[in-house]
Amino acid sequence: QVQLVESGGGLVQPGGSLRLSCAASGIIVSIYTMGWYRQAPGKQRELVATIATSSASANYADSVKGRFTISRDNAKNTVYLQMNSLKPEDTAIYYCNAHWQAGFVSSDYWGQGTQVTVSS
């Protein structure tokens, strides 16, 4: 059974930092493209960041570039999202995603989400 368990969310003041973790079980993270997505109230889920299997490349939404950093520790089967200089508009539920694709065959797994609230 595949599980992605996010942690590290919470309430933080504007300008503050949080580090989210996503611990995976039932899959080998090293063969998956891992990503973080978020969904704010009344909005669609959006991509925050993804990181390739080799960690050689990462992709970020324009709104978080320069503030967020995605990383992975394949030995721990864990992915992280370091969030700095947080803004109220970063408030959302953050979801971890594991994506694998070979040709036309693909699989996606999602965590249950962790709430991040940026407010003074």
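The following numbered points describe selected features of a predicted model, beginning with a sheet and moving on to rings, charges and individual residues.

1. The sheet. Four strands make up an open sheet in the order β1-β3-β8-β7, and the pairing within this sheet is antiparallel. Strands β1 and β7, the latter covering residues 68–73, stand at the edges with a single partner strand each, so that one side of each is left without a neighbour in the sheet. From one strand to the next, the twist averages 15°.

2. Pairing of β1 with β3. Strand β1, which runs over residues 3–7, meets strand β3, which runs over residues 18–25, in the antiparallel sense, and the two are joined over 5 bridges. Two pairs of residues help to locate this register in the model: Gln-3 stands opposite Ser-25 of β3, while Ser-7 stands opposite Ser-21 of β3.

3. Pairing of β3 with β8. Strand β3 also pairs with strand β8, made of residues 78–83, again in the antiparallel sense and here over 6 bridges. For a reader tracing this pairing by eye, a convenient place to begin is Leu-18, whose bridge partner in β8 is Met-83. A charge and a ring also come together here, since Arg-19 lies over the face of Tyr-80 at 4.0 Å from the ring centre.

4. Thr-78, in strand β8. Thr-78 lies in strand β8 and counts as buried, because its relative accessibility is 8%. A polar atom of the Thr-78 side chain lies 2.8 Å from the backbone oxygen of Lys-76. When residues up to four places away in sequence are not counted, Thr-78 touches Ser-21, Cys-22 and Ala-23, and also Arg-72 and Asp-73.

5. The loop between β7 and β8. Asn-74 is found in this loop and, at 32% relative accessibility, counts as partly exposed. The side chains of Asn-74 and Arg-72 make a polar contact of 3.0 Å. Leaving aside neighbours within four places in sequence, Asn-74 is in contact with Val-29, Ser-30 and Thr-53; the last of these, Thr-53, is 21 residues from Asn-74 in sequence, with 9.0 Å between the two C-alpha atoms.

6. Positive phi at Asn-77 and Ser-85. Most residues other than glycine have a negative phi. Against that background, two residues deserve a look: Asn-77 is not a glycine and yet has a positive phi of about 55°, and Ser-85, likewise a residue other than glycine, has a positive phi near 50°. Asn-77 lies in the loop between β7 and β8 and is buried, with a relative accessible area of 15%, whereas Ser-85 lies in the loop between β8 and β9 and is partly exposed, with a relative accessible area of 41%.

7. Asp-90, in the loop between β8 and β9. Asp-90 is found in the loop that leads from β8 to β9, the latter strand being residues 92–102, and at 1% relative accessibility Asp-90 counts as buried, the cut-off for that term being under 20%. The side chain of Asp-90 is joined to the side chain of Arg-67 by a polar contact of 2.8 Å, and a polar atom of the Asp-90 side chain also lies 2.8 Å from the backbone nitrogen of Lys-87. Setting aside neighbours within four places in sequence, the residues in contact with Asp-90 are Arg-38, Arg-67, Phe-68, Ser-85, Val-116 and Val-118; Ser-85, one of these, was described in the previous point for its positive phi.

8. Trp-110 and the residues around its ring. The structure holds 2 aromatic pairs, one of which is formed by Tyr-37 and Trp-110 in an edge-to-face arrangement, with 5.0 Å from centre to centre and 65° between the planes. This pair links distant parts of the chain, since Tyr-37 belongs to strand β4 (residues 33–39) and Trp-110 to strand β10 (residues 105–110), and the two residues are 73 residues apart. The charged end of Arg-45 sits over the ring of Trp-110, 4.6 Å from its centre. With these two partners described, it may be added that Trp-110 counts as partly exposed, at 37% relative accessibility.

Notes
Residues are numbered from 1 along each chain as its sequence is written. This is a predicted model: local features need pLDDT of at least 70, side-chain atom pairs count only at pLDDT 80 or more; totals for chains, interfaces and linings use all residues. Side-chain values use heavy atoms; hydrogens and water are left out. Two strands pair if DSSP finds at least two bridges between them. Axes are lines fitted to C-alpha atoms, for helices over the stretch in contact, and angles run from 0 to 180 degrees between N-to-C directions. Rings of Phe, Tyr and Trp (its six-membered ring) pair if their centres lie within 6.5 Å; planes under 30 degrees apart count as stacked, over 60 as edge-to-face and the rest as tilted. Buried means under 20% relative accessible area, exposed over 50%, partly exposed in between (1.4 Å probe, protein chains only). A charge sits over a ring if NZ of Lys or CZ of Arg is within 6 Å of the ring centre and within 35 degrees of the ring normal. A polar contact is a pair of N or O atoms within 3.5 Å; within protein, one must be able to donate a hydrogen and the other to accept it, and residues adjacent in sequence count only if both atoms are side-chain atoms. Contact means heavy atoms within 4.5 Å.
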